[in-house]
2 protein chains.
Amino acid sequence: MGQIYQMQMKIPFDMSDVNGNIKIPQLILLSLQVSEMQSESLGISDQDLLEKHQLVWIVTDYEMILHRLPAFGDEIRIETEALSYNRLFCYRRFTIFDRDGEVLVEMLASFVMMNRETRKVQPVDGDLLAPYQSSFDKKVIRGPKYPATEMLEQKEFQIRFYDLDMNGHVNNSKYLDWIFEALGVAFLTSHVPRKINLKYVKEVRSDGTIASCVEREGLVSSHQIRSDAGIHAQAIIEWRKEENHV
Amino acid sequence: MGQIYQMQMKIPFDMSDVNGNIKIPQLILLSLQVSEMQSESLGISDQDLLEKHQLVWIVTDYEMILHRLPAFGDEIRIETEALSYNRLFCYRRFTIFDRDGEVLVEMLASFVMMNRETRKVQPVDGDLLAPYQSSFDKKVIRGPKYPATEMLEQKEFQIRFYDLDMNGHVNNSKYLDWIFEALGVAFLTSHVPRKINLKYVKEVRSDGTIASCVEREGLVSSHQIRSDAGIHAQAIIEWRKEENHV
């Protein structure tokens, strides 16, 4: 068991979508903010990591189970815990509760540490992680098999200045934006995800265009984010009909 | 003098741009969150306003003076005050301070109240506003003259699902995204705004495409957000060279 950190908040208007549900990319940004707050409270803030060690945390995989989406005005509690790490990966859970303590969202995220200069993944430094009190466990958690097929339906997006973060990367929440957007407004207004698997393969460069490719069969959609350089991210999403349509 | 409300925070990683500065649309979203928090603390939350009165706050104008942009890791304090109101408009200031109390950003925002059903602006109800203790002042604050010329340089954007808020509107911070983006990554990486005037003319419908038009002369740029339906927003931005280039 690692150290647990929590944040309470109320979903503000601007984080809510047309149906009043939280925007999923926001859910990811909020969760990452909570883990950043934990790191800071433990004396190893992202800023320290960058300035003292030239390291940045990079997310490689998400698995999200969405029992019910928090909606505008809801009070939620986001809890996070660094679970375990192996030679390359650190695993962290996020659990989002409603005000009665019911679990709304469960998320497992895999992180690696990247050297900011070389842009290469570094082996995990156990000493650096000590404050989280997560345990070493050589077991590697593997995501699902993502379809390798060429997907015919696609939407193109130009990389925007505000898609980029301080590392010159496209912020990882943006990929989910593109992935969702490929399904179109009508589908997104009438459906909500109940499970999301997302794998980051390769960073998107700071200019040019990407294609968000999708193949949907009923309530399951498969996704690829592609550019001339190949596949950057893959996702599988299971959907359910939206019942809270405002 | 109206009631004053403050929030303190630290700029997180995901709100920072390539240069480490806060993303300007985020600055607007944060400020609006602070005014929402004030409204809630005074017992007239956005949610109440909507549920009990079918009213939503709509921003019509911003004037921002940016002395220095808050950057990643900076502790800031956002202060807001409902200054005055007249028959149609409510004026609110936002002041952003650094941890030493120095003023980083000054913003004046004009709001109107829209009826959610009719989508029409309603005259201000002084009784509703009483808790803010702002004063009635019939003086209408007018922004600058925006150029009416056709602008030749333009970038097209498709409206995305996540651009929309619960009112089915494009969230007003998105306009600024489009406005900035029209200037291109190279310009945005090497310049920061020092003054922004932004006027919302007409809401953007939930589908289709908009054009972000721009005309730049040296360090001043003029902007229009247009669609087949005409002009939706106008802006004038004064720029300075970015010195904190990371």
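**Figure 1. B:Gln38, a buried residue of chain B.** With a relative accessible area of 1%, B:Gln38 is buried in this predicted model. Welcome to the first close-up. B:Gln38 belongs to helix H1 of chain B. Which residues does B:Gln38 touch, once those up to four places away in sequence are set aside? They are B:Gln3, B:Ile4, B:Tyr5, B:Thr80, B:Arg92 and B:Tyr132. B:Gln3 deserves a second look: 35 residues separate B:Gln3 from B:Gln38 in sequence, while their C-alpha atoms are 8.8 Å apart in space. A polar atom of the B:Gln38 side chain lies 3.0 Å from the backbone oxygen of B:Gln3.

**Figure 2. B:Ser35, another residue of helix H1 in chain B.** Here we stay in helix H1 of chain B, where B:Ser35 is found. Is B:Ser35 buried or exposed? B:Ser35 is buried, and its relative accessible area is 8%. Its side chain reaches the backbone oxygen of B:Leu32, at 3.0 Å. Not counting residues up to four places away in sequence, B:Ser35 touches B:Thr80, B:Arg92 and B:Phe94. B:Thr80 and B:Arg92 also appear among the residues touched by B:Gln38 in the previous view.

**Figure 3. Helices H1 and H4 of chain B, packed against each other.** This view takes in helix H1 (residues 24–41) and helix H4 (residues 172–181) of chain B, whose axes come within 9 Å and cross at roughly 165°. That angle makes H1(B) roughly antiparallel to H4(B). From H1(B), the contact is made by B:Ile24, B:Pro25, B:Ile28, B:Leu29 and B:Leu32. From H4(B), the partners are B:Asn172, B:Ser173, B:Leu176, B:Asp177 and B:Phe180. The crossing of H1(B) past H4(B) is right-handed.

**Figure 4. Helices H1 and H4 of chain A, with a buried H4.** Now we move to chain A, where helix H1 (residues 24–41) and helix H4 (residues 172–181) pack at about 165° with their axes 9 Å apart. H1(A) and H4(A) are therefore roughly antiparallel to each other, and H1(A) passes H4(A) in a right-handed crossing. On the H1(A) side, look for A:Ile24, A:Pro25, A:Ile28, A:Leu29 and A:Leu32. They meet A:Asn172, A:Ser173, A:Leu176, A:Asp177 and A:Phe180 in H4(A). How many residues of H4(A) are buried? The count is 10 of the 10, so H4(A) is largely enclosed by the rest of the structure. Among these buried residues are A:Lys174, A:Tyr175, A:Trp178, A:Ile179 and A:Glu181.

**Figure 5. A:Glu79 and its polar contact with A:Arg93.** A:Glu79 sits in strand E3 (residues 75–85) of chain A. A:Glu79 is buried, at a relative accessible area of 10%. Which side chain joins that of A:Glu79 in a polar contact of 2.8 Å? The partner is A:Arg93. Leaving aside neighbours within four places in sequence, A:Glu79 is in contact with A:Ile4, A:Tyr5, A:Gln6, A:Arg93, A:Phe94, A:Thr95 and A:Phe97. For context, an unreviewed UniProt entry annotates residues 3–132 of chain A as "domain: Acyl-ACP thioesterase N-terminal hotdog". Over residues 3–132, chain A is 23% helix and 42% strand, with the end C-alpha atoms 5 Å apart.

**Figure 6. A:Val214 in strand E10 of chain A.** Strand E10 (residues 209–217) of chain A is home to A:Val214. A:Val214 is buried, with 3% relative accessible area. Its contacts, leaving aside neighbours within four places in sequence, are A:Met151, A:Glu153, A:Ala182, A:Leu183, A:Ser221, A:Ser222 and A:His223. A:Asn115 is 99 residues away from A:Val214 along the chain, and the two C-alpha atoms are separated by 32 Å.

**Figure 7. Positive phi at B:Gln54 and B:Arg119****.** Most residues other than glycine have a negative phi. B:Gln54, though, has a phi near 60°. Where is B:Gln54 placed? B:Gln54 is in the loop between helix H2 (46–53) and strand E2 (55–66) of chain B, and is partly exposed at 30% relative accessible area. For B:Arg119, phi is likewise positive, near 60°. B:Arg119 takes its place in the loop between strand E5 (103–115) and strand E6 (121–122) of chain B. B:Arg119 is partly exposed, with a relative accessible area of 35%.

Technical notes. Residues are numbered from 1 along each chain as its sequence is written. Chains are lettered from A and ligands numbered from 1 in the order in which they are written. This is a predicted model: local features need pLDDT of at least 70, side-chain atom pairs count only at pLDDT 80 or more; totals for chains, interfaces and linings use all residues. Side-chain values use heavy atoms; hydrogens and water are left out. Helices (H or I, at least four residues) and strands (E, at least two) are DSSP runs, numbered from the N terminus. Buried means under 20% relative accessible area, exposed over 50%, partly exposed in between (1.4 Å probe, protein chains only). A polar contact is a pair of N or O atoms within 3.5 Å; within protein, one must be able to donate a hydrogen and the other to accept it, and residues adjacent in sequence count only if both atoms are side-chain atoms. Contact means heavy atoms within 4.5 Å. UniProt positions are given in the numbering used here, feature names are shortened, and annotations may be inferred rather than shown by experiment. Axes are lines fitted to C-alpha atoms, for helices over the stretch in contact, and angles run from 0 to 180 degrees between N-to-C directions. Angles under 35 degrees count as roughly parallel, over 145 as roughly antiparallel, 65 to 115 as roughly perpendicular and the rest as oblique. A crossing is left-handed if the near helix is turned anticlockwise from the far one by less than a right angle, and right-handed if clockwise.
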